Amino acid sequence: MKKLIIIIAVLILGGFGYWTISPFFIDKRVSEELDFSNESEQPVLVWRGLFKGFDSIHTGTGNVSVLKAGDKYIIRFEENFDVANGPDLYVGFGKDGKYVKGTEIAKLKGNIGSQNYEVPANINLEEYNEIWIWCRAFSVGFAKAKLTPSI
């Protein structure tokens with residue numbers, strides 16, 4: 001019985017270790033186009049920003065744009081987007097250097113390359129001035145981009 005408990009504990013710890021550490025060594029590249037062909041209104045650039053990491057482990061670079069078409073907002077990570085991979089990464093929002101928990105809009109599609117995220121209608125972008133890459137499992141930021149008006 002003791003051996004069985006040890007084997008189960010080793011398998012659980014091994015699985016958890018793989019889940020938390022392996023993303024740091026695996027890149028996922030995304031290359032999404034920005035397609036507004038079905039929209040009646042052409043998109044307008046509202047805000048833009050540049051991702052920056054927090055330290056030597058939680059790194060990030062690349063451009064982000066917030067576009068508006070009609071009453072719909074799209075967050076666009078440009079082709080040069082590159083963030084350190086990690087477990088349980090999400091796209092969320094912050095204000096004045098602090099992440100606002102519960103603002104996650106989508107799981108990060110990939111840690112490299114262009115990708116698009118539609119902002120749900122219940123989120124008021126005026127309440128935030130940063131876009132974050134956030135690890136929900138460990139409550140830590142990987143990168144953030146301070147948004148500035150595109151005018």
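Visitor: Is Glu130 buried or exposed?
Guide: Welcome! This is a predicted model, and Glu130 has a relative accessibility of 4% in it. The limit for the lowest class is under 20%, so Glu130 counts as buried.

Visitor: Which side chain meets Glu130 in a salt bridge?
Guide: Glu130 sits in strand β10, and its partner sits in strand β11, so the pair ties together parts that are 14 residues apart in sequence. The partner is partly exposed, with a relative accessible area of 23%. At 3.9 Å, N to O, the side chain that meets Glu130 is that of Lys144.

Visitor: How many salt bridges does the structure hold?
Guide: The one between Lys144 and Glu130 is among them. Another joins Glu78 and Arg76 at 3.5 Å, N to O; here Glu78 is partly exposed at 25%, whereas Arg76 is buried at 10%. For the structure, the number of salt bridges is 4.

Visitor: Which residue forms a salt bridge with Asp88?
Guide: Asp88 is buried, with a relative accessible area of 19%, and lies in the loop between β5 and β6. Its partner lies in strand β8, so the pair ties together parts that are 19 residues apart in sequence. With the closest N and O atoms 3.8 Å apart, the partner is Lys107.

Visitor: Let's turn to the rings. Are the rings of Tyr99 and Trp134 stacked or edge-to-face?
Guide: Their centres are 4.0 Å apart and their planes stand at 10°. Planes under 30 degrees apart fall in one class and planes over 60 in another, so this pair is stacked.

Visitor: How far apart in sequence are the parts that Tyr99 and Trp134 tie together?
Guide: Tyr99 is buried at 12%, and Trp134 is buried at 9%. Tyr99 belongs to strand β7 and Trp134 to strand β10, so the parts they tie together are separated in sequence by 35 residues.

Visitor: Which residue lies over the face of Tyr117?
Guide: Tyr117 forms one aromatic cluster with Phe51, Phe77 and Phe81. Over its face, at 4.8 Å from the ring centre, lies Lys109. A similar question can be asked of Tyr90: at 3.9 Å from that ring centre lies Arg136.

Visitor: How many residues does the largest nonpolar core have?
Guide: Phe51, Ile75 and Ile131 are among those with the most contacts inside it. Elements giving two or more residues to this core include β1, β4 and β10. Ile131 itself is in contact with residues including Val64, Phe77 and Ala143. The residue count of this core is 26.

Note on methods: Residues are numbered from 1 along each chain as its sequence is written. This is a predicted model: local features need pLDDT of at least 70, side-chain atom pairs count only at pLDDT 80 or more; totals for chains, interfaces and linings use all residues. Side-chain values use heavy atoms; hydrogens and water are left out. Rings of Phe, Tyr and Trp (its six-membered ring) pair if their centres lie within 6.5 Å; planes under 30 degrees apart count as stacked, over 60 as edge-to-face and the rest as tilted. Helices (H or I, at least four residues) and strands (E, at least two) are DSSP runs, numbered from the N terminus. Buried means under 20% relative accessible area, exposed over 50%, partly exposed in between (1.4 Å probe, protein chains only). A charge sits over a ring if NZ of Lys or CZ of Arg is within 6 Å of the ring centre and within 35 degrees of the ring normal. A nonpolar core is a set of buried Ala, Val, Leu, Ile, Met, Phe, Trp, Tyr and Cys residues joined through side-chain atoms within 4.5 Å. Contact means heavy atoms within 4.5 Å. Lists of a residue's contacts leave out its neighbours within four places in sequence.
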